[in-house]
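Biologist: I'd like to learn how to read a model with several chains. Could you walk me through this one, feature by feature?

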There are 4 protein chains.
Amino acid sequence: MNKFQISDPNYESRIRNSFDKQEAMKTIGAKLVKVMPGEVHIEFSFMESLTQQLGYIHGGIITTVVDTACGYAACTLMPAESEVLTIEYKVNFMSPAKGNRFKGVGRVLKPGRNITVCSGDVIAFDNGKEKIVATMLATMISVGKK
Amino acid sequence: MNKFQISDPNYESRIRNSFDKQEAMKTIGAKLVKVMPGEVHIEFSFMESLTQQLGYIHGGIITTVVDTACGYAACTLMPAESEVLTIEYKVNFMSPAKGNRFKGVGRVLKPGRNITVCSGDVIAFDNGKEKIVATMLATMISVGKK
Amino acid sequence: MNKFQISDPNYESRIRNSFDKQEAMKTIGAKLVKVMPGEVHIEFSFMESLTQQLGYIHGGIITTVVDTACGYAACTLMPAESEVLTIEYKVNFMSPAKGNRFKGVGRVLKPGRNITVCSGDVIAFDNGKEKIVATMLATMISVGKK
Amino acid sequence: MNKFQISDPNYESRIRNSFDKQEAMKTIGAKLVKVMPGEVHIEFSFMESLTQQLGYIHGGIITTVVDTACGYAACTLMPAESEVLTIEYKVNFMSPAKGNRFKGVGRVLKPGRNITVCSGDVIAFDNGKEKIVATMLATMISVGKK
């Protein structure tokens, strides 16, 4: 069922340590809820401090969470001493980010020793209804040991 | 010198009012420093609460600021009762977001009654040196009155 | 099983007529092999006239085919008198476009009366092996009657 | 005036040799009209064989030309034995590709030993009028000797 090969069996604790150093994730109130080979889920709840002018979550905050999920999804497949950086991403916003809870899902589409391509989605949970609010296509690069 | 036509002479106060409603901008400590037809500048200073695991500003926060600058750049050319939403954007990260101060610049590349294409940059100021840390290409849509 | 609503029951013949007017598709030797609500497949075979300097299919040709598949995927859900135009797309190239046959698949991710978001892939068939060579995330706009 | 450093003084002949191997460029009737450090121009004329259903040049053909211009722009700054590949690009279409002649311009925004970020434009010449029809933001990678 799991189509990806890991090279560091301690990938989850490595990623959790890195996530805990991200002060931006604390500011957003984001939690790392799932870490598996090639896929990472990050959740956060609505806070007024994250809104744009219409009262929805700012698209950039949505992007921050799914970028982080995609970066760590790539990271799950990397050796212990490497670091993953975002080269670039594209995000399409499909619905206003309206809801009480949000989940960013990052997935590896194409792993690579150097370049990893990921896709991601952000799902809004609004009074029991789920809706995809944004979708990302991202390019990550591994730096350090390969 | 100014190549764009405005349709709302009060565009600046309209945009400043909207910016002041963005709680995410307060969380980032962002200030609207320049608003002119087709171009908007937003600045913010380094805060630890905005960092990723290496201590630089999170790429998503960089994106949030330049997305806002691009959206308001499109907004300068719109009628008074319209609202601008981001359909999508792509961002390339060119250097780590290292510095004490950052400026997001949004510019209209191609105005339109419905769709506006914008480009943006984020410049880091690091001990007197300037560096472009990210560049954006974005598509905005005008909703409401046109 | 079919999650999309069509508004023009004659969508397939409308799209086949439009495809037949695309001289670029003839130059590429592309065939419209599947047209269903929200999804379109286009195939073509290797021709030396489509190659880049290393002898693989040029990435821009790959893009041309999957752009067309995405545009017509959006088109399947549109009213009879509308026209779909590409606002923008992003393409990631995941493997060299090496093979004897190629299939571009376009799918609607988020339909809309005005804006439709699509994703697409190009699959290379190389001596019986399949490989995704490129993936697209695209924004389409409906013009004319809505 | 020239802000980029070259490492191969024979970059122009190297690029012209590579361009001449691109059969896709012949199919499009494209000519390499300018090669300078960090910037490459490619021109082609209207041909019916390159059109979409409305009789304009297909957006994918426009993309093919500006992708090639961006790739060679990156190539001008690379060592003699390296090869440049496109990782990904985003293109915004700003006007229909209507005209009798077209020029794709590729420029290096941020050079790098490994990753180079480029931007590009395609300009249509239509009865003496110039119009930007598309703009690209692209990520290139250098493979082989660095």
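Modeller: Let's start with how the copies sit. Laying chain B on chain A takes a turn of 180° and a shift of 0.0 Å along the axis, with an RMSD of 0.0 Å. The fit is a least-squares superposition on the C-alpha atoms of residues with pLDDT of at least 70 in both copies. That relates the two copies as by a two-fold rotation axis. This is a predicted model, in which local features need pLDDT of at least 70 and side-chain atom pairs count only at pLDDT 80 or more, while totals for chains, interfaces and linings use all residues. As for names, residues are numbered from 1 along each chain as its sequence is written, and chains are lettered from A and ligands numbered from 1 in the order in which they are written.

Biologist: Which residue of chain B comes closest to the rotation axis?

Modeller: The general idea is that two copies of a chain are related by a rotation about an axis and a shift along it. Here the residue is Lys90(B), with its C-alpha at 2.0 Å from the axis.

Biologist: And what turn and shift lay chain D on chain A?

Modeller: Chain D also needs a turn of 180° and a shift of 0.0 Å along the axis, and the RMSD is 0.0 Å. In chain D, Lys90(D) has the C-alpha nearest that axis, 4.1 Å away.

Biologist: How do I read the contact between chains, and how many residues of chain B touch chain A?

Modeller: Call two residues in contact if their C-beta atoms, placed from the backbone, lie within 7 Å. By that count, 27 residues of chain B meet 27 residues of chain A. On the chain B side, α2 (23–28), α3 (59–75) and β3 (82–93) each give at least two residues, and β3(B) gives the most, with 8 residues. Helices here are DSSP runs of H or I with at least four residues, strands are runs of E with at least two, and both are numbered from the N terminus. Sorted by class, this side of chain B has 7 nonpolar, 14 polar and 6 charged residues. Nonpolar means Ala, Val, Leu, Ile, Met, Phe, Trp, Tyr, Cys and Pro, charged means Asp, Glu, Lys and Arg, and the others, Gly among them, are polar. Since 100% of the interface residues of chain B are also interface residues in chain A, the copies meet through the same surface.

Biologist: How many residues does the contact take from chain D and from chain A?

Modeller: That contact takes 6 residues from each of chain D and chain A. β3(D) has the largest share of the chain D side, with 3 residues. By class, the chain D side has 3 nonpolar, 1 polar and 2 charged residues.

Biologist: Back to chains A and B: how many bridges join β3(A) to β3(B)?

Modeller: Two strands pair if DSSP finds at least two bridges between them. β3(A) and β3(B) run antiparallel and are joined by 5 bridges, and Lys90(A) stands opposite Lys90(B).

Biologist: What is the order of strands in the open sheet?

Modeller: The open sheet has 12 strands with antiparallel pairing, in the order β1(A)-β2(A)-β4(A)-β5(A)-β6(A)-β3(A)-β3(B)-β6(B)-β5(B)-β4(B)-β2(B)-β1(B). β1(A) and β1(B) stand at the edges with a single partner strand each, so one side of each has no neighbour in the sheet. From one strand to the next, the twist averages 25°. Angles like this run from 0 to 180 degrees between N-to-C directions, using axes fitted to C-alpha atoms, for helices over the stretch in contact. Inside chain B, β5(B) and β6(B) pair in the antiparallel sense over 12 bridges, and Thr116(B) stands opposite Met140(B). Helix α3(A) packs on the sheet, with a direction at about 40° to that of β4(A).

Biologist: Which residues are the bridge partners of Val91(C) in β6(C) and in β3(D)?

Modeller: Val91(C) has Met136(C) as its partner in β6(C) and Tyr89(D) as its partner in β3(D). β3(C) and β6(C) share 11 bridges in the antiparallel sense, while 5 bridges join β3(C) to β3(D), also antiparallel.

Biologist: Why is β3(C) said to be largely enclosed?

Modeller: A residue is buried if 20 or more other C-beta atoms, placed from the backbone, lie within 10 Å of its own, exposed if 12 or fewer do, and partly exposed in between. In β3(C), 9 of the 12 residues are buried, so the strand is largely enclosed by the rest of the structure.
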